[in-house]
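Here's a quick briefing to read alongside the model. Let's start with overall shape, then move inward.

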Amino acid sequence: MAKVVVHVMPKAEILDPQGQAIVGALGRLGYDGISDVRQGKRFELEVDDSVVDETVAEIAESLLANIVIEDWSVSRESS
């Protein structure tokens, strides 16, 4: 078994209202120097060793990410 992590983030050109709300809240809480926050999603999949990265890519594109407005990346984590 292996842990595969898929990170999904809004594309750079897409407005991230949740991230902007966080930036505003941080400023109101006294945390200065933070000019941007992008909020994304992290998916952890436990997969058999037989599952190849191409299969995980298909899963990311078809189910986990909206590829019109989001970018995604896949990484494998060691146990």
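The chain has a radius of gyration of 16 Å, whereas a compact globule of 79 residues would be near 12 Å (taken over C-alpha atoms; the globule rule is 2.2 Å times the number of residues to the power 0.38). Its C-alpha atoms fill a box of roughly 50 × 30 × 15 Å along the principal axes. Keep in mind that this is a predicted model, where local features need pLDDT of at least 70, side-chain atom pairs count only at pLDDT 80 or more, and totals for chains, interfaces and linings use all residues. Residues are numbered from 1 along each chain as its sequence is written, and side-chain values use heavy atoms, with hydrogens and water left out.

**Fold**
- Reading along the sequence gives β-α-β-α-β, from two helices and three strands (DSSP runs numbered from the N terminus: H or I, at least four residues, for helices; E, at least two, for strands).

**Core**
- Buried residues (under 20% relative accessible area, 1.4 Å probe, protein chains only) make up 24% of the 79 residues.
- The largest nonpolar core (buried Ala, Val, Leu, Ile, Met, Phe, Trp, Tyr and Cys joined through side-chain atoms within 4.5 Å) has 10 residues, including Val 6, Val 8, Leu 45 and Leu 64.
- Strand 1 (2–10), strand 2 (41–47) and helix 2 (53–64) each give two or more residues to this core, and strand 1 gives the most, with four.
- Setting aside neighbours within four places in sequence, Leu 64 is in contact (heavy atoms within 4.5 Å) with residues including Val 6, Val 8, Phe 43 and Leu 45.

Conventions
Buried means under 20% relative accessible area, exposed over 50%, partly exposed in between (1.4 Å probe, protein chains only).
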